[in-house]
Amino acid sequence: MIIKRLKQSLRTILLICATIMLTVGVVGCTDGMKHPEEYSTDESNKVAATSNPQTISKEDLGHTWPLKVDEGTVSCKLSKQGDPILRFTTSDGEQYALNQVQDNENLKSIEILKSDKSKSVGTLMSFAFSVCDVPK
């Protein structure tokens with residue numbers, strides 16, 4: 001009987017130790033993990049929207065710039081339903097849809113302007129949404 005209790009106590013202690021080690025390991029591995037674009041080394045996450053529309057460039061977004069052109073203008077207006085209509089206009093006046101809303105149906109998608117298919121337009125889209133928040 002004493003041996004049985006001793007074995008149960010040892011199992012309980014081992015289970016507690018394993019739980020603590022697993023918890024410390026998981027917390028230690030995930031502590032500080034962020035998406036790479038949130039902590040870019042070229043300060044591209046520091047671009048602030050100050051006007052609507054607003055010019056943005058490859059220089060502003062650094063390595064996260066996804067397009068073949070070096071700059072353009074991002075604009076935002078609200079549809080009748082209140083949805084944001086996001087557009088990117090190149091320096092030659094060509095407009096591209098940044099989001100898929102009814103008002104952008106007749107525009108080419110920004111995807112065809114990407115410099116590399118593996119590039120994400122996420123940073124540019126985030127900036128476009130921040131342009132929507134600029135008071136008029």
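Select Leu78 and Pro84 to begin: Pro84, in strand 3, is the bridge partner of Leu78. The model on display is a predicted one. These two residues open a tour that moves through the hairpin, across the sheet, into the nonpolar core and out to the salt bridges.

**The hairpin**

Next, select the stretch joining strand 2 and strand 3. This hairpin has five residues between its strands, and Gly82 adopts a positive phi near 90°. Extend the selection to both strands in full; they pair in the antiparallel sense through seven bridges.

**The whole chain**

Now display the entire protein as a cartoon. Its secondary structure amounts to three helices and five strands, and along the sequence these follow the pattern α-β-α-β-β-β-β-α. Of the 136 residues, 28% are buried. Among contacts with a separation of 6 or more, 39% are between residues 24 or more positions apart. If a surface representation is turned on, the accessible surface comes to about 9800 Å², and carbon and sulfur atoms account for 56% of it.

**Across the sheet**

Hide the surface and colour the strands individually. The five strands form an open sheet, ordered 1-2-3-4-5, with mixed pairing. Strand 1 and strand 5 (108-109) occupy the edges; each has a single partner strand, so one side of each lacks a neighbour in the sheet.

Begin at one edge with strand 1, residues 54-57. Four bridges connect strand 1 to strand 2, and the two run antiparallel. To inspect one position in this pairing, select Ile56, whose bridge partner in strand 2 is Gly72.

Pass over strand 2 and strand 3 to reach strand 4, residues 95-97. Strand 3 and strand 4 are antiparallel and are joined by three bridges. Here, select Thr89 and Gln95: Thr89 stands opposite Gln95, which belongs to strand 4.

**The nonpolar core**

Which residues have the most contacts inside the largest nonpolar core? Select Ile56, Val74, Phe88, Leu98, Ile110 and Leu124, which hold that place in a core of 18 residues. Strand 2 (71-78), strand 3 (84-90) and helix 3 (122-132) each contribute at least two residues to this core. Helix 3 supplies the most, with five residues.

Centre the view on Val74 and show its surroundings. Leaving aside residues up to four places away in sequence, Val74 touches Pro53, Gln54 and Ile56, as well as Arg87, Phe88 and Leu98, and also Leu124, Phe127, Ala128 and Val131.

**The salt bridges**

Finally, show the charged side chains. How many salt bridges does a search of the whole structure find? There are two.

For one of them, select Glu94 and Lys108, whose closest N and O atoms are 3.5 Å apart. Glu94 sits in the loop between strand 3 and strand 4, and Lys108 in strand 5, so this pair ties together parts that lie 14 residues apart in sequence. Glu94 is partly exposed, at 31% relative accessibility, and Lys108 is also partly exposed, with a relative accessible area of 42%.

For the other, select Lys114 and Glu111, whose side chains meet in a salt bridge at 2.9 Å, N to O. Is Lys114 buried or exposed? Lys114 counts as buried, at 11% relative accessibility, because the limit for that class is under 20%. Glu111 is partly exposed, with a relative accessible area of 42%.

Methods: Residues numbered from 1 in each chain as written. Predicted model: local features only at pLDDT ≥ 70, side-chain atom pairs only at ≥ 80, totals over all residues. Heavy atoms only, no water. Core = buried A, V, L, I, M, F, W, Y, C linked by side-chain atoms within 4.5 Å. Buried < 20%, exposed > 50% of the residue type's maximum accessible area, 1.4 Å probe, protein only. Contact = heavy atoms within 4.5 Å. Pairing = 2+ DSSP bridges. Areas by Shrake-Rupley, 256 points an atom, 1.4 Å probe, with all protein chains shown as cover. Salt bridge = Lys/Arg side-chain N within 4 Å of Asp/Glu carboxyl O.
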